[in-house]
Amino acid sequence: MTLAPSVTEMQEVVVTGIFTRKADSYTGAVTTIKKEELQRVGNQNILQSLKNIDPAFQVLENNDFGSDPNRAPEIQMRGASSFTDMKDKYQTNPNQPLFIVDGFEQSIEKVMDMDMNRVASITLLKDATAKALYGSKGANGVVVIETVVPEKGKMRVSYSGNLNIQIPDLGSYNLANAAEKLEIEKRAGVYTDKYGNPITQQGYDEKYEAYYKEVLRGVNTYWLNKPLRVGVGHKHTLLLEGGDDAVRYGIDFQYNNVAGVMKGSSREVISVGFNMQYRYKSLIFSEQLSVTFNKAKESPYGTFSEYAKLNPYWRAYNDDGSVKEILGDYEKANFQGTKPIYNPLTNADINTKNESTYTDVTNNFYIEWLAFQGMRLKGRLGIISKKDDSEIFYPRDHTMFKDVDPDSEEYFERGSYTMGNGKNFEYNADLSANYSRDFGKNVIFANTQWSFSERKYNYVEFKARGFANDKMDYITHAKEYAEGGPTGSESLSREASFLISTNYSYDNRYLFDATYRANASSLFGNDKRWGHFWSAGIGWNVHKEHFMENVSALNQLRFRASTGYSGSQNFNSYQAIATYKYYNEIYDNIIGSYLMGLANPDLQWQKTQDNNIGMDLTLFDALDITFDYYVKNTKNLLTPVSLPPSAGFTSYTENLGETKNKGLEFKVNYRVLKDTDQDMYLSVFVSGMHNKNRITKISDALSLMNKSRDEDKANGGGGNPNLEDNSDITKPSVRYEEGQSMDAIWAVRSLGIDPATGYEVFLDREGKMTYGWKSDNQVVVGDKQPKLSGTFGFNFEYKGFSVNTSFYYKLGGQYYNQTLVDKVENVDIQYNVDKRMLTDRWTTPGVPAKFRKFDPYAALTRPTSRFVQDVRELQMTSLNVGYDFRYWGFLKKTGIERLKLQFYMNDVFRTSTIKAERGIEYPFARSCSFSLQATF
C-alpha cells in the first residue's frame with residue numbers, strides 16, 4: 001500500500017461504468033477511490049468504508065436497529081430529494097443512490113455482502129455531467145464499482161483472513177439501578193394509596209418491603225447484558241489468478257461469518273466467482289460469473305428494548321439457576337386488574353426461528369472489438385437470478401401468547417409460522433460504440449449506446465397458527481391458516497434507452513462534455529413512456545495555459561461547471577395503470593373482481609436538475625484541494641392526490657411534489673512528508689459538507705396528512721397507562737409544508753416548567769403564553785441537517801509500518817431527544833427509567849426543574865421545543881495499524897510474494913452534546929479486526 005500518491009495519480013482515469021475517461025479532461029464532479037484507500041479505513045464492508053472517505057456519501061444512523069448485521073443501511077448522496085414518508089410508493093429507499101458493479105445495476109444487499117478484496121476502484125458520480133449517463137436512474141447519485149481484473153503471469157494465490165470482534169456499546173444508556181429505581185417509585189407515590197384506604201395501603205407496604213429486601217440482598221440485575229455477547233466472527237478470501245496475453249483467469253472464494261452482539265444473531269455469506277478474459281487479435285471476450293449465498297439469523301432473545309425496560313430489582317434466575325418465568329405484576333389502566341410481566345429470557349430456551357436466505361447468481365458477458373484506431377464496439381449482457389426465502393416461527397409457549405385466555409378459541413391458535421418465498425430474474429443488454437481521435441490540439445471523444453432490460457419479481461407468503469409444541473416447527477404442523485390465507489405480489493417492468501455522450505478538449509485547456517439519454521419504461525403512464533435527460537459541462541485547465549508555465553508551485557488548477565437533468569424511477573410497478581383483484585367468493589359460478597387502484601396515464605419520471613460549479617487545485621505537488629457548490633431542483637415527485645369519497649378511493653398517485661437541495665463540499669489533502677529514500681510518508685486530510693433542503697411544492701393530500709397527524713396528537717394522551725398505545729403522538733411528525741425543510745423538527749415552543757405548579761408553559765403562534773398544548777401552535781423549532789459535517793485524519797507509513805486514522809465530525813443541527821420524553825417525562829413507572837428522573841423532575845413548589853411533575857394520569861407530553869437540543873459530535877470512526885513484510889528477505893526464500901498484518905478498529909470513541917439512548921431494538925457495537933494478507 002502506498003500512502004503518498006498525488007491526487008492526479010489517484011484519479012488518472014474516471015470509470016463511469018459505461019466508458020473510461022482521462023480525469024484531466026472530464027468536467028464532472030466525481031470522486032475516485034482506489035482499493036488501497038478503501039481498505040485503509042475499514043474492512044467491514046464497502047458501504048462502511050465509503051462513509052469514512054467522502055462526506056457526500058452519507059450512511060444515515062439507524063437509532064432503532066444500531067449495528068444489526070442483517071439491516072441494510074439507509075444511504076443518501078448530497079441530501080434527500082424525495083419525500084421520506086412515501087417509501088410505500090418505491091421499490092427501495094426513495095433517496096438511495098444507484099449501484100453499478102462492472103457496468104450492471106446491483107442491489108444494496110449484494111454490494112454490502114461483496115468481498116472488499118475484489119474491488120479495484122469505486123467512483124462516486126455526483127453532478128449532472130456524470131449522472132445523466134444513467135438517465136432515469138441517476139438522480140440520487142451513482143456508485144460505480146469496478147472489480148479486480150486478473151493479472152497475467154504464473155498462477156498467483158492470494159489469501160486474506162480476518163478475525164472480527166463485535167463489542168456492545170451501551171455507553172448511551174443511563175438507566176437507574178435497583179436502589180435508585182425503588183426510590184424513584186417511592187417519591188412518585190407508587191406505594192401510597194391516594195384514597196387513604198388502610199387495607200390497600202398495607203398491600204403497597206408489603207410490596208415495597210419485598211422489593212426493598214431484595215435490594216438489601218444485593219439484587220441489582222443488569223438486564224442490558226442478558227441478551228448480549230461479544231460477537232466473534234471470521235472472514236476468509238482466496239483468489240487464484242494467472243494467464244498470458246491471450247487468456248487470463250481468476251477464481252475467487254469468500255466465506256464471511258458476521259456474529260452480531262445480540263446472542264444468536266448472525267449473517268453468513270458464501271460466494272464463488274469466476275473471471276476469464278480471452279483476447280483474439282482485435283477482439284476481447286470477457287466472462288464473469290458469481291454465485292452468492294446468504295443466510296441471516298435474528299436473535300432468539302427478541303428485541304433489546306424488551307430488556308432495557310425491565311426493573312433491576314427483579315431477579316433474572318431462580319435460586320436453582322433456572323430462568324424465572326414471571327418477574328412481577330403490571331397494573332392495568334382504569335383499575336382493570338393486573339397481568340404478569342414475563343421474563344423474555346424464557347423465549348431463548350424454546351425453539352424459535354427467525355431467519356432468511358438468498359441465493360444470487362450473476363453472469364456478465366462482454367465482447368469488445370477494436371474496429372480500427374480510435375473506434376471500439378462493445379456488447380454486454382448481464383443476467384441476475386435471485387431467490388429469497390424466509391421463515392419465522394414462534395411456538396405457543398412464547399411470551400407473546402402467555403396472556404391468551406385458556407377458555408377462549410384463541411387458546412388453540414397459539415403459535416405462529418410465516419414462510420415467504422421470492423424469485424427475481426432480470427437481464428440487461430446493451431450495445432455501444434465509442435470513438436476518440438486527436439486532431440492536432442483538438443481531442444474528440446464520442447460514445448453512443450443502446451440498452452434494454454427486463455425485471456420480473458414475484459413473492460408469496462403463507463401464515464399459519466395453532467402449534468402443539470415448539471418441536472413442531474413447520475407449516476404442516478399448524479392447526480389452520482391465519483385469517484386471509486396466503487398473500488403475494490408480483491411485478492414486471494421493461495426499459496429501453498438510447499445514449500449519446502461527447503467530449504471535446506482543445507490543447508487540454510478548454511473542456512466540454514455533453515450527454516443526452518432517452519429512456520422508455522413500462523412503469524409510467526401510456527402518455528409519458530419516454531423521459532429525456534441531458535447534461536452539459538465545461539472545464540478550464542488553467543495550469544495548462546502558457547502564462548502559467550513559469551508558476552512552478554502550481555501543479556493543477558481546474559474550474560468546472562455543469563448543468564442538466566437526471567431522473568429517478570425506482571418506484572413500484574403498476575402505479576400508472578388500473579389494477580383489479582378477484583373476490584374469493586363465487587356466485588353462480590362467476591368470479592367477480594374489484595378495482596384496487598386508479599390509472600394515471602400521465603404518471604412520469606421524477607426529474608432532478610443539477611447545477612454544479614467546482615475547482616480542483618494542487619500546489620507544490622503536496623496540497624490538493626477540491627471544492628464543489630451545487631443546487632439540485634427535483635420536480636414530479638410522487639405524491640398522493642386527494643379524491644372525494646364518491647370516487648371510492650381516498651387518493652391516487654400523481655407527480656406534484658417539488659424539492660430543492662443546495663450545498664457545498666470540500667476536500668483537502670496535504671502530503672506533509674514524502675521521503676522515498678527512507679520510504680517514509682505522512683499525509684493529513686480534512687473534508688466537509690453542508691446541505692440544505694426545502695420543500696417548494698406539495699399536494700393537497702400531504703396537507704391532509706399533516707392535519708390527520710395533528711388530530712391524532714390533539715386527541716391523544718390519557719396518561720402513561722396508555723403509553724404504549726400512544727407512543728407515536730409523543731414524537732414529532734414528519735410534516736410537509738412549502739418553504740420548510742424535509743428535516744425540520746415541528747413542535748410547540750416552550751417556556752419551560754412553571755416552578756410554582758410543575759407544569760409546562762407554552763407559547764402560541766402569536767407569542768402569547770399558554771398552559772395547554774395545541775397542535776395548531778406547532779412551528780419549526782429545529783432542523784436535523786447539520787450545518788457542517790465531514791471527516792479528517794492522517795495516514796503514515798515508514799518502512800512497511802503504517803498507521804491510518806479517520807474521524808467524523810458534525811456541527812450544528814438539532815436533535816429531538818426522545819429518550820428524555822420516554823424515560824424521564826412520559827415514563828411508565830412500572831418499568832425502568834432514566835436516572836435523570838431522580839434528580840431533574842419537579843418535586844417542590846418554587847424550585848426550578850427541567851421536567852414536569854410526575855402525574856400518571858396527566859396528558860402525555862407531546863412535541864415541545866424543551867427537548868430540542870443542539871448537536872456537536874466527534875467520532876473516531878477508524879483506526880488501522882499494519883505492517884508489510886516487503887523488506888524482509890526471508891519472504892523470497894519461502895515463496896511468499898507478499899505478507900501483511902493489520903489491526904482495524906471502527907467506532908473507537910464517540911463524544912456528543914446529546915445524551916440519548918442509541919440502539920433501541922438492536923444495540924450499537926464497536927468492532928475490531930485482525931487481518932492477514934498473503935500472496936504466493
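Modeller: Rings of Phe, Tyr and Trp pair if their centres lie within 6.5 Å. In this predicted model, ring pairs link Phe393, Tyr417, Phe467 and Tyr474 into a cluster.

Biologist: Nice to start there! How many aromatic pairs does a search of the whole structure find?

Modeller: The search finds 28 aromatic pairs. One of them joins Tyr411 and Phe412, with 5.6 Å centre to centre and 90° between the planes.

Biologist: Why is the pair of Tyr411 and Phe412 called edge-to-face?

Modeller: Planes over 60 degrees apart count as edge-to-face. The planes of Tyr411 and Phe412 are 90° apart, so the pair earns that name.

Biologist: And what makes Tyr411 partly exposed, and Phe412 exposed?

Modeller: Buried means under 20% relative accessible area, exposed over 50%, and partly exposed lies in between. Tyr411 has 27%, so it is partly exposed. Phe412 has 57%, so Phe412 is exposed.

Biologist: How do you know that Tyr816 and Phe867 form an aromatic pair?

Modeller: Their centres are 6.1 Å apart, and the limit is 6.5 Å, so they pair. With 65° between the planes, this pair is edge-to-face. It links distant parts of the chain: Tyr816 sits in strand β38, Phe867 in the loop between α11 and β39, 51 residues apart. Both Tyr816 and Phe867 are buried.

Biologist: Let's turn to charge. Which residues form a positive surface patch?

Modeller: Lys660, Lys662, Lys692 and Lys787 form the patch. Lys662 belongs to strand β30, residues 651-675.

Biologist: Why is Lys662 called partly exposed?

Modeller: Its relative accessible area is 39%, which falls between 20% and 50%, so Lys662 is partly exposed.

Conventions
Residues numbered from 1 in each chain as written. Predicted model: local features only at pLDDT ≥ 70, side-chain atom pairs only at ≥ 80, totals over all residues. Heavy atoms only, no water. Patch = residues over 30% accessible without salt bridge, like charges linked within 9 Å, V, L, I, M, F, W, Y side chains within 5 Å. Areas by Shrake-Rupley, 256 points an atom, 1.4 Å probe, with all protein chains shown as cover. Salt bridge = Lys/Arg side-chain N within 4 Å of Asp/Glu carboxyl O. Lys, Arg positive; Asp, Glu negative; His and termini not counted. Charge placed at Lys NZ, Arg CZ, Asp CG, Glu CD. Helix = DSSP H or I, 4+ residues; strand = E, 2+ residues; numbered from the N terminus. Buried < 20%, exposed > 50% of the residue type's maximum accessible area, 1.4 Å probe, protein only. Phe/Tyr/Trp six-rings, centres within 6.5 Å; stacked < 30°, edge-to-face > 60°.
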